[in-house]
Amino acid sequence: MTSDPGPGPAPAASGPRGLDLERLRGHLDRALPGLAAGPLTGRLIEGGRSNLTYEVGDGSSRWVVRRPPLGHVLATAHDMRREHRVIEALHGTAVPVPEPLLLCEDEAVLGAPFYVMEYVDGVPFRTAGQLAALGPERTRRVVLGLVDTLVDLHAVDPEAVGLGDFGRPEGFLDRQLRRWGKQLAASRGRELAGIDELHGALGRTLPDSPAPTVVHGDFRLDNVLIGSSPSGTGPSGTGPSGTDASDTDRIRAVLDWEMSTLGDPLTDLGLLVMYSSDLGLSDSPVSTTSGAPGHPAPAELIERYAARSGRDASQVAWYTAFAWFKLAVILEGIHYRFTLGQTVGAGFDRIGELVPVFIEHGLTTLQEG
């Protein structure tokens, strides 16, 4: 797993915070003798929203270490065993995931459970501006490839890969709606016009779920690695060094499986559609990729998913409206923490103004169907 290309990890005496390189090296030598050939270096990979992700190297090889955030962690959150289990199950299927190398649940090593996986070269495109650098043709190829990868994920037989007990698909949508309703109640600090109306309307129109599949839970473009970068764009439909763009633009790894479970596959599609829709805002701290030239319209993504998966996507408006609601709740939680002085960094002061936009999009999507 990696972020945008850059210099390799810088030497450090004990590693970045949360990663004791000496203890890690000792554990690797015991668990995987011969894996590391020299002193370890490490750096935190920026861009993660929850669990901490580090690039680790020995001068000739690189790996990725993933662990929970520092400080107090809820017992049911940031489950390293769960993340490791799902990528281990999916490795070798049509779904591209990094190869998992080991899981360590001994907290004496790094202070928390962690796992190590292979390092995958690739780029996460987080904004329309970054995606636009590929050009319209390649942008279209990348986004349609994202849909195809989602179809591949939902085609995996959970029982066949050992994930038959990975979740409780019965009543999945009802539980999801109740869960995010509780999250909203926990972060209410102001009046939000339309939020209760949206929540109630979603509850009254719950669709019948198709057969359950492995659900990623946060499937979008910046949670995958693409095998190319804007700086490596070659001439006229080629990738770096003139290689074929259809290969350099393919998805090399799907990342961030912390919200994965067994459930309704159309929740993944609804979220992808939401992140492919125009927010109607300029310079927003929360971006979608829809503004990139060549980006397929949401209707085309839905049509492609339905045709390739064979699933009925006629009620995808509900799932997309639910995605708008869920993101509104998440953003309101961030805004609430900001008002309490519990956030640090740029852009948090503008999150609150986005919440009504997400609510409006949710209501409009549900009403228009």
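Are Trp-324 and Phe-358 buried or exposed? In this predicted model, Trp-324 is buried, and Phe-358 is buried as well. These two residues offer a starting point for a survey of the aromatic rings and their partners.

Under the pairing rule applied here, the structure holds 3 aromatic pairs. One of them joins Trp-318 and Tyr-319, whose ring centres are 5.3 Å apart and whose planes meet at 80 degrees, an edge-to-face arrangement. Both partners are shielded. Trp-318 has a relative accessibility of 5% and therefore counts as buried, since the limit for that class is under 20%. Tyr-319, at 1% relative accessibility, counts as buried for the same reason.

The rings of Trp-324 and Phe-358 also form a pair. Their centres are separated by 5.2 Å and their planes stand at 70 degrees, so this pair is edge-to-face; the angle qualifies because planes over 60 degrees apart are classed in that way. The contact connects distant parts of the chain, as Trp-324 belongs to helix 11 (residues 316–339) and Phe-358 to helix 12 (residues 351–368), with their positions 34 residues apart in the numbering.

Ring pairing also extends beyond two partners: Trp-318, Tyr-319 and Phe-322 are linked by ring pairs into a cluster.

Aromatic rings elsewhere in the chain are met by charged side chains. Arg-62 lies over the face of Tyr-119, 3.9 Å from the centre of the ring. In Arg-82, the charged end is placed over the ring of Phe-166, and its distance from that ring's centre is 3.9 Å.

Notes:
Residues are numbered from 1 along each chain as its sequence is written. Side-chain values use heavy atoms; hydrogens and water are left out. Rings of Phe, Tyr and Trp (its six-membered ring) pair if their centres lie within 6.5 Å; planes under 30 degrees apart count as stacked, over 60 as edge-to-face and the rest as tilted. Buried means under 20% relative accessible area, exposed over 50%, partly exposed in between (1.4 Å probe, protein chains only). Helices (H or I, at least four residues) and strands (E, at least two) are DSSP runs, numbered from the N terminus. A charge sits over a ring if NZ of Lys or CZ of Arg is within 6 Å of the ring centre and within 35 degrees of the ring normal.
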